[in-house]
Amino acid sequence: MSQMDIALITGASRGIGAAIAVRLAEEGYDIWLNYRSRHDAAEQVAGRIRDLGRECTLLPFDVSDESAVKEALDAPLKEQTPYILVNNSGINRDGLLFWMPPENWKDVLNVSLDGFFYVTSRVAGLMMQKKRGRIVNIVSTSGQTGMPGQVNYSAAKAGLIGATKALAKEVARSRVLVNAVSPGFIETDMTKDLPKAEILKMVPLRRFGTCEEVAAAVAFLCSDEASYITGQVLNVNGGVHM
Ligand code: NAP
């Protein structure tokens, strides 16, 4: 890493994204912190990053809105190219397929896949020109095993795993590495209403994971130690899927 390298993390006002932003700041990166609407939460994360002596630029935009992505990112990308991009923003709209309104299908795929495309297509080419960069996509066990009630979410995350591998092959010659981190059940707003006791019976480590445990995997994939790892899915799931 050279001095003042930047890490762009989407969906970083809360949960896993916030932990990744703080962890990469601890590793010495300045942070471009994207989120959708929760300004107060984002300001708090920015405060933690600035307390670490790193810069934090807040970039509120909806990753699934192409014109919003363009408006927010094109100007800063003219000045600087992030070394790290973490595509973390994601939503779930659970329900059985039979009852699923079309907007719940579209919204989940749009945030996960369109969001990945709009942000990554702007950043990856610049990384290739610089012949350096790391892209990490946050997927899910649900996209590997399939989860009933999550046909939309499983499809979105399985799609993102495919995109990770294809892009890894496209950009490898430019020394840009692309990987995915696949969390199982992690303590965040997304999982707070799940039946925890029932779920823990399925988890060999008998607990939910922490956001910091996911962030550690991301930090590893962005480190010099991971320089020969690309196109991989790193599971952080307490053994729930092997
Ligand atoms: P979370 O607590 O619900 O936080 C979601 C974050 O994404 C927030 O920062 C939110 O911003 C942002 N966001 C949502 N929609 C967005 C959009 N359209 N544009 C930009 N930002 C958007 O979620 P989490 O549990 O930390 O999950 C983070 C990632 O890990 C997701 O991709 C999720 O699918 C994946 N994951 C989570 C788990 C788990 O157990 N929690 C397991 C596997 C995978 P605002 O605060 O402004 O709303």
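This briefing describes the surroundings of the ligand and the salt bridges of the chain. The model is a predicted one, and its values are computed from that prediction. The ligand takes up the space of the largest pocket, and 32 residues stand around the ligand.

**Residues around the ligand**
- Among the 32 residues around the ligand, those that come nearest are Ser13, Ser37, Asn88, Tyr153 and Thr188.
- Sorted by character, the shell around the ligand holds 14 nonpolar residues, 12 polar residues and 6 charged residues.
- At least two residues of this shell come from each of the helix α1 (15-26), the strand β2 (30-35) and the helix α6 (151-171).

**Polar contacts and cover**
- Thr188, one of the residues that come nearest to the ligand, places a polar side-chain atom 2.5 Å from an oxygen atom of the ligand.
- Backbone atoms also take part, since a polar backbone atom of Arg38 lies 2.8 Å from a ligand oxygen, and a polar backbone atom of Gly184 lies 3.3 Å from a ligand oxygen.
- On its own the ligand has 900 Å² of accessible area, of which the protein covers 97%.

**Salt bridges**
- The count of salt bridges in the model comes to 9, and one of them joins the side chains of Arg132 and Asp5, with 2.8 Å from N to O.
- This pair links distant parts of the chain, 127 residues apart: Arg132 belongs to the loop between α4 (102-130) and β5 (133-138), whereas Asp5 belongs to the segment before β1 (6-9).

Notes. Residues are numbered from 1 along each chain as its sequence is written. This is a predicted model: local features need pLDDT of at least 70, side-chain atom pairs count only at pLDDT 80 or more; totals for chains, interfaces and linings use all residues. Side-chain values use heavy atoms; hydrogens and water are left out. A residue is near a molecule or strand if one of its heavy atoms lies within 4 Å of it. A polar contact is a pair of N or O atoms within 3.5 Å; within protein, one must be able to donate a hydrogen and the other to accept it, and residues adjacent in sequence count only if both atoms are side-chain atoms. Accessible areas come from the Shrake-Rupley method with a 1.4 Å probe; for residues, only the protein chains shown count as cover. On a 1 Å grid over the protein atoms alone, a cavity is a set of points where a 1.4 Å probe fits but cannot get out, and a pocket is an open set with protein on both sides within 12 Å along at least five of seven lines; lining residues have an atom within 4 Å of a point. A molecule sits in a cavity or pocket if more than half of its atoms lie within 2 Å of its grid points. Helices (H or I, at least four residues) and strands (E, at least two) are DSSP runs, numbered from the N terminus. Ala, Val, Leu, Ile, Met, Phe, Trp, Tyr, Cys and Pro count as nonpolar, Asp, Glu, Lys and Arg as charged, and the others, Gly among them, as polar. A salt bridge is a side-chain nitrogen of Lys or Arg within 4 Å of a carboxyl oxygen of Asp or Glu.
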